[in-house]
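Good morning, and thank you for coming. I would like to introduce a structure that is new to most of us, and I ask you to keep it in view as I speak.

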Amino acid sequence: MPGRTGIRGMWLCVTAFLMVVFAALPLSAQSNSGSIGGTVSDASHAVIPGANVTIQNVVSGYKRTVVSDSSGSYQLPNLPFNTYVVIATAAGFSPTRLETNVHSAVPQTLPITLSVASSSTTVTVDAPVDLVENDATMHTDIDRSTIDRMPIESSTSGLSAIVTQASPGVAADSNGLMHGLGDHAENSFSIDGQPITDQQSKVFSNQVPAAAIQSLEVIDGAPPAEYGDKTSLVVKVTTRSGQGVTKPTGSVNADYGSFGSSNVGFDLSYGGRKWGEFIAASGQNTGRFLDAPEFAVMHDKGNEENFFDRFDWQFNSKDTLHMNLQYTRSWFQTPNTFANIGVLDQDGNNVGNTDQRSKIGTIDFSPTWTHIINNDAVANFGVYVRRDSYDYYPSNDPLADWIPDQQQETVGQSRSLLNTGVHADVSYARGIHNAKIGGMYAQTFLDENDRIGVVDPTLNAPCLDADGNPVNHVADTTCPGLTQNPNYNSALAPYDLTRKGTTYLWQGHTDVKQLALYAQDQITWKGWLVNFGMRGDFYNGMTIQRQAEPRAGVSYTFKKTGTVLRASYARTQETPFNENLVLSSTGCADPVIYGIFESISGCSSRGVTPFNPGFRNEFHAGFQQAIGRHLVVNGEYIWKYTHNAYDFSVLGTTPITFPIEWHNSKIPGYALSATLMDLHGVSVRFNASSVSARFFNPQIGGVGAVPASTVSSSGYLPFRIDHDERFNETTNVQYNMPFRKSMWYSMNWKYDSGLVAGAAPCYNSNSDANTDCLGFSQDANGNPLLQNGQPLINLSGLSYDQQFQAGLVCNGVKATPTAGFDSCVASELKSNLLQIPAVGTEDADRNPTRIAPRNLFDMSFGDDDVVHFGEQEHYKLAARVTAINITDKYALYNFLSTFSGTHYVTPRTVTGSLSLRF
């Protein structure tokens with residue numbers, strides 16, 4: 001626990017910071033957007049009402065048009081940070097084209113002067129440099145115009161799906177999980193300035209709906225000083241606003257597709273010059289909610305209801321209120337395997353199918369206030385409250401949760417994560433400087449309640465028969481006529497449901513307090529851009545850590561060639577995951593939890609294994625190159641070294657996961673993207689990456705498994721974590737039909753070389769090698785397994801269904817859910833779902849077993865104006881059809897992953913949609 005001096009020092013820092021902030025008058029929350037306003041006039045300074053002012057970024061696809069009012073004034077609020085071209089047109093005047101940068105919350109004044117037309121004028125993007133952005137940090141910009149037409153696999157995790165598909169450096173995993181640049185879910189989301197660093201896949205939390213997103217900026221490079229906590233990937237989200245939308249605008253949609261999936265929803269934008277309201281609501285019901293451990297869909301129903309509201313109000317010329325409100329509820333079944341169908345108890349009685357379910361409720365409220373100090377400075381202040389409640393329900397008959405050698409416990413859970421915080425900043429932009437100073441204080445309240453009972457009669461049998469096998473039913477520890485079990489654990493006996501026990505209730509609670517202070521400045525001089533920043537993080541959770549984190553970056557633009565070269569560095573604090581943090585930190589100190597985990601995968605003899613926040617040094621170097629007027633290429637090399645690196649482990653076959661901590665990790669790699677802007681109706685986004693996620697033993701925090709090979713004569717050996725992938729790429733192609741501008745086609749191509757597999761069969765009997773194959777390659781005495789002199793792989797540790805899930809084929813015979821192999825000659829063992837290394841070549845670091853490579857194709861085809869009606873054709877009926885995995889590719893995301901188990905990719909799904917737009 002922290003000492004009084006440490007706590008007093010932390011609160012003195014908080015108090016001093018807030019005194020500085022409030023001295024600047026009313027403030028508001030850190031923002032992801034800026035604004036531009038001004039007056040349109042002619043050469044004589046006479047105002048021009050009714051002029052069209054269009055702002056656009058051809059790379060991200062952002063485009064918006066407003067009309068100047070009777071005083072010639074125009075306003076463009078809620079602009080995502082980026083470089084823009086502004087084009088103004090009016091009847092009788094020549095078009096005017098201006099370029100501007102929006103990289104600060106400080107409002108910009110951009111007066112526009114139009115000249116009387118003397119001849120027809122065309123305005124285009126007329127220089128390659130317009131396509132590149134002078135920035136020391138690599139990032140990807142994605143606008144709603146691209147998102148709207150992109151085939152998205154899952155509407156319940158649409159935000160993650162968009163990031164995975166449209167930005168480089170992201171490895172796709174099951175259930176909307178994404179691994180950014182070799183790390184396990186070390187991702188931060190900034191929703192209109194509200195920081196969200198807890199996990200956002202659909203088995204952990206509910207995301208902001210895709211319908212509410214205006215634009216994304218995904219930061220792959222070294223994070224600026226304003227971002228901390230989890231920074232492998234920073235996703236800045238700007239939501240849609242109704243401000244300035246003077247006519248009600250929106251859509252009502254209905255979808256229906258494969259697996260009985262249905263969805264209804266609407267969105268509405270409406271407002272005035274000084275206020276705006278945006279609302280999005282939807283409800284979905286489907287027969288396949290989660291990615292399942294079988295390609296066939298069994299026990300996988302789910303539903304989600306989502307509501308999002310954004311309200312903007314400009315009180316006067318200096319003060320603005322912005323408020324986000326979200327409520328989302330999801331309910332879903334845990335998908336079954338074939339082994340979960342018709343479960344038999346220890347007496348051979350059929351107790352029915354496994355019926356485990358989950359419910360997640362998310363409430364988020366984040367009001368923010370903005371105050372313009374002067375023409376060069378803006379102050380922000382905001383608060384936020386976000387609560388995720390997660391409930392996991394076991395089968396009504398707990399014995400139906402028993403799967404021999406896979407699930408030995410029945411588990412129920414009720415946990416909540418309440419994240420509250422306040423954050424403030426002051427932005428200053430003048431001349432060559434674009435500076436920001438700010439801070440954040442957050443407190444996260446964690447409550448964990450678990451009910452656990454033993455349902456495997458062999459797990460803690462007090463007695464053994466003459467052959468050493470556990471004896472069912474017998475609860476008498478004296479074992480008359482039998483042998484006492486030397487591994488019997490009396491602490492588990494009251495909670496053995498096969499011997500008339502009851503479930504055990506474990507409860508945990510902690511508060512995690514975090515304070516961050518930062519200052520940064522971006523200096524632009526000629527072709528140079530230099531970033532300097534310093535961040536201080538104070539973490540007070542299960543442990544305490546304070547860390548100073550310098551950040552720096554530099555870039556240079558060669559205007560003639562449209563080239564940007566850049567390099568950056570960041571020191572960051574990596575904080576533990578909050579999900580089941582208390583259980584993983586202190587569970588081994590509880591004799592019952594210790595007994596259960598000791599029987600599964602081991603538990604630390606120290607009892608309490610608290611997590612110390614890690615620290616990371618990361619280096620980036622990259623380039624951006626414009627090629628002609630339509631193509632821009634972006635590349636980055638990454639090298640990250642982390643002390644105290646995090647991952648997750650899983651409890652049996654349940655979706656209950658918990659953090660674990662390794663000694664360190666080294667992650668080098670690269671990210672590459674290319675964007676082809678609209679060329680004869682065709683636009684293309686290509687993203688690729690390769691990372692080496694090398695983690696090093698020993699495990700130093702949390703409960704869970706340790707890789708089989710950990711120590712050699714030279715010390716602890718490294719291994720590839722199960723989110724390491726040699727290469728992946730995503731390509732999105734969109735085409736506007738030349739014969740009908742409202743008709744379009746969009747296609748995704750996704751290639752994955754394969755994540756590292758879990759406990760997959762392989763052969764390497766060398767005890768001195770860094771291998772995970774010894775359990776498959778040696779007998780109980782440590783001797784190599786051979787059959788007629790040929791290497792033999794022991795498959796008895798995998799159930800028949802697991803062999804089927806792995807796609808194993810032995811001597812031409814395929815494993816099925818009910819028939820498999822006890823062993824197979826190594827040269828005769830094949831798989832179309834796994835890459836099994838050749839005999840004697842498997843190495844946990846250099847050549848691990850991986851998921852087989854896969855190519856997946858998705859497509860959408862639609863018409864945004866099938867029919868129109870109403871005054872000025874205000875109402876339009878749109879239609880589209882979307883197909884995911886159109887080739888019905890049979891492939892795995894992962895196999896027996898220590899994080900999530902086994903999951904297949906989505907089978908082919910086809911969805912039809914109708915939308916009324918107005």
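**Covalent links, cores and charged pairs**

The count of disulfides comes to three. Before I take them in turn, please note that what you see is a predicted model. As a reminder, a disulfide is a covalent bond between the sulfur atoms of two cysteines.

Let me begin with Cys 463 and Cys 479, which form a disulfide with their sulfur atoms 2.0 Å apart. This link is left-handed, with -90° about the S-S bond. Cys 463 belongs to strand β26 (residues 463-464), while Cys 479 sits in the loop between β26 and β27 (483-484), so the bond ties together parts that are 16 residues apart in sequence. Are these two cysteines buried or exposed? Cys 463 counts as buried, at 0% relative accessibility, and Cys 479 is likewise buried, at 3%.

The next disulfide joins Cys 762 to Cys 773, with an S to S distance of 2.0 Å. Here the torsion about the S-S bond is about -115°, and the disulfide is therefore left-handed. Where do its two ends lie? Cys 762 and Cys 773 are both in the loop between β41 (743-752) and α6 (774-777), so this pair ties together parts that are 11 residues apart in sequence. Cys 762 is buried, with a relative accessible area of 2%, and Cys 773 counts as buried at 0%.

The remaining disulfide is formed by Cys 810 and Cys 824, whose sulfur atoms are 2.1 Å apart. Its torsion about the S-S bond is about 100°, so this disulfide is right-handed. Cys 810 is in strand β44 (residues 808-810) and Cys 824 in strand β46 (residues 823-825); the pair therefore ties together parts that are 14 residues apart in sequence. Cys 810 is buried, at 11% relative accessible area, and Cys 824 is buried as well, at 1%.

I turn now to the nonpolar interior. The largest nonpolar core has 46 residues, and the members that touch the most others are Ile 593, Phe 597 and Phe 695. Several elements give two or more residues to this core, including the strands β23 (377-393), β24 (409-430) and β25 (433-454), and the helices α4 (581-586) and α5 (591-600). Which element gives the most to this core? That element is α5, with four residues. Apart from this core lies another, of 23 residues, with Val 163, Val 170, Val 235 and Phe 278 among them.

Next, the charged pairs. How many salt bridges does the structure hold? There are 33, and I shall show three of them, followed by a network.

In one salt bridge, the side chains of Arg 144 and Asp 148 meet at 3.3 Å, N to O. Arg 144 counts as buried at 13% relative accessibility, whereas Asp 148 is partly exposed at 38%.

In another, Asp 312 pairs with Arg 310, and the closest N and O atoms are 2.9 Å apart. Both partners are buried: Asp 312 at 4% relative accessibility and Arg 310 at 5%.

The next example is the salt bridge between the side chains of Arg 917 and Asp 864, at 3.2 Å, N to O. Arg 917 lies in strand β54 (residues 909-917) and Asp 864 in strand β50 (residues 854-869), so this pair ties together parts that are 53 residues apart in sequence. Arg 917 is partly exposed, with a relative accessible area of 34%, while Asp 864 counts as buried at 18%.

As for the network, which residues are linked in it by salt bridges? They are Arg 694, Arg 720, Asp 724, Asp 845, Arg 846 and Arg 850.

Finally, I come to the surface. A nonpolar patch is formed there by Val 252, Phe 266, Val 866, Val 867, Phe 869, Tyr 875 and Leu 916, with about 560 Å² of accessible area together. Strand β50, met a moment ago as the home of Asp 864, supplies the largest share of the patch, three residues. Phe 266 lies in strand β18 (residues 261-271) and is partly exposed, with a relative accessible area of 38%.

To close, I would ask you to return to the three disulfides and to the core in which Ile 593, Phe 597 and Phe 695 touch the most other members. Thank you for your attention.

Conventions
Residues numbered from 1 in each chain as written. Predicted model: local features only at pLDDT ≥ 70, side-chain atom pairs only at ≥ 80, totals over all residues. Heavy atoms only, no water. Core = buried A, V, L, I, M, F, W, Y, C linked by side-chain atoms within 4.5 Å. Buried < 20%, exposed > 50% of the residue type's maximum accessible area, 1.4 Å probe, protein only. Salt bridge = Lys/Arg side-chain N within 4 Å of Asp/Glu carboxyl O. Patch = residues over 30% accessible without salt bridge, like charges linked within 9 Å, V, L, I, M, F, W, Y side chains within 5 Å. Areas by Shrake-Rupley, 256 points an atom, 1.4 Å probe, with all protein chains shown as cover. Disulfide = S-S within 2.5 Å.
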